[in-house]
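Could you walk me through this structure in plain language? I'm new to it and would like a guided tour.

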Amino acid sequence: MSELAFERALRRWVEDRGIAWEAIAYPRPEAGGITRAFRITPREPRGLVVSVHGAGNDALFAMAGLFRRLLLEGLAVFAFDVDGHGRASTTRFDPGAAGGAVAAAVEESGALDRGLPLHGVGVSLGGALLLHALPRLPFASAALVCAPLRVHLTAGSIANELRPGLLRAAWRGRRLYGATGLIPSFGPIRRDLYPLRLTVPPGPGAFGYVDVLNRTLESLRLEEAARATPCPVLLVYGARDRLVPPEQGERLAALIPRAELLLLPGETHLTTPLAPAAIEAVVRTLTTTPPPVFGCRSSVVGHDRGPGTDDLP
């Protein structure tokens, strides 16, 4: 299967710096297929980050800027296709089995076998799946970006994502992703590139799959997981997000014992993971050694603070 232009650019950037790039596949019997993943490893890694993407995307979509920053900090990255996602994977998304995807990825990453500190970053659905796993796995720190307790799908929340900020985010990331590499899968858009294979029928309409996602979120018992999470967790939400309103981040921040909540003014669900301030905060959290002890505090920053992806070498 051919690489997309931004995927090829990321791989070449990695290889030009003597960083190991491995494309691997491993079985996911619970999801009925094979999962594709990428293990990207600096020469002397000081830790490993398991990356969990959002619904309808795949292991590499929109993560090139964050991955470059983490690799330059000496952290290895393990990125995998969540069940039911990815052009090269064959798994299917099952609400009853999806919660095990992170544990399977951690095992395949090799971090524990090599004695590397384990960190995690999850975006949207991936943040919820990662949160579900945090009490069960030895994560040193984690960052959850727009992690939902429930997705609020309305005509207004969909229209809200089509604000000018989405064009600004795409323009800001053009050097890493090209002219179209940051166009997301959203409803029926780009399903040829970012398929979503479900084991249960979706609800009616182009966004009917959200019903399946919400059933999954309910089954993950995320508030219980939040209370039982021992590691420090950064929570990042967009103040203009209507699909996953920032109040959900405030709820999780109140439940997670060692939490920091970062609210980004002007950012929506699709733009928050790409915001320079979000990337900077995630890198800070995952590269701080020993992990910082957060005190359930919150902060609000301007969305233009921090170095952006255009500043990367």
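## A tour from the inside out

The largest cavity has a volume of about 500 Å³. It is found in a predicted model, where a search of the whole structure turns up 3 cavities of 30 Å³ or more. If you want to find your way to the largest cavity, look for A55, N57, S124, H269 and L270, which sit closest to its centre among the 29 residues that line it. Helix α8 gives the largest share of that lining, with 4 residues.

Now for some helices. Take α4, which runs over residues 125-133: how many of its residues are buried? The count is 9 of 9, so this helix is mostly covered. You can go along it and tick off L125, G126, G127, A128, L129, L130, L131, H132 and A133, as each is buried. In α3, the buried residues are A101, V102, A104, A105, V106 and S109. Just after α3 comes G110, and its phi is positive, near 80°.

Next, have a look at R197. You'll find R197 in the loop between α7 (174-177) and α8 (209-220). This arginine is buried, yet it has no salt bridge. Why does R197 have no salt bridge with D81, the nearest side chain of opposite charge? A salt bridge needs the nitrogen and the carboxyl oxygen within 4 Å, and D81 is 6.2 Å away, so the pair doesn't qualify. What does the side chain of R197 reach instead? It comes to the backbone oxygen of T91 at 2.7 Å, and one of its polar atoms lies 3.2 Å from the backbone oxygen of S89. Leaving aside neighbours within four places in sequence, R197 is in contact with G84, H85, G86, S89, T90, T91, R92 and F93.

On to charged pairs that do meet. The structure holds 13 salt bridges. One of them joins the side chains of R87 and E7, at 3.3 Å from N to O. This pair links distant parts of the chain, 80 residues apart: R87 is in the loop between β4 (75-80) and α3 (101-109), while E7 belongs to helix α1 (residues 5-16). Are the two partners buried or exposed? R87 is partly exposed, with a relative accessible area of 21%, whereas E7 is buried, with a relative accessible area of 4%.

Another salt bridge brings R284 and E260 together, at 2.9 Å from N to O. Here too the pair links distant parts of the chain, with R284 in helix α11 (residues 276-287) and E260 in strand β8 (residues 259-264), 24 residues apart. R284 is partly exposed, at a relative accessible area of 33%, and E260 counts as buried, at 5% relative accessibility. Salt bridges can also share partners: that is how E3, R11 and E15 are joined into one network.

Then there is the pair of E224 and R221, whose closest N and O atoms are 2.8 Å apart in their salt bridge. E224 counts as partly exposed at 42% relative accessibility. R221 has a relative accessible area of 52%, which is over the 50% cut-off, so R221 is exposed.

For a sense of distance, pick out R17, in the loop between α1 and β1 (20-28). At 33% relative accessibility, R17 counts as partly exposed. Now jump 208 residues along the chain to A225: the C-alpha atoms of R17 and A225 are separated by 39 Å.

The last stop is the backbone. Most residues other than glycine have a negative phi. With that in mind, which way does C146 go, positive or negative? C146 has a positive phi of about 55°, although it is not a glycine. You'll find C146 in the loop between β6 (139-145) and α5 (155-160), and at 0% relative accessibility it counts as buried. R190 also has a positive phi, near 60°, and is likewise a residue other than glycine. R190 lies in the loop between α7 and α8, and R197 has its place in the loop between α7 and α8 as well.

Technical notes: Residues numbered from 1 in each chain as written. Predicted model: local features only at pLDDT ≥ 70, side-chain atom pairs only at ≥ 80, totals over all residues. Heavy atoms only, no water. Helix = DSSP H or I, 4+ residues; strand = E, 2+ residues; numbered from the N terminus. Buried < 20%, exposed > 50% of the residue type's maximum accessible area, 1.4 Å probe, protein only. Lys, Arg positive; Asp, Glu negative; His and termini not counted. Polar contact = N/O pair within 3.5 Å; in protein donor to acceptor, adjacent residues only side chain to side chain. Contact = heavy atoms within 4.5 Å. 1 Å grid on protein atoms, 1.4 Å probe; cavity = no way out; pocket = protein on both sides within 12 Å on 5 of 7 lines; lining within 4 Å. Points joined across faces, edges and corners; volume = space filled by probe spheres on them.
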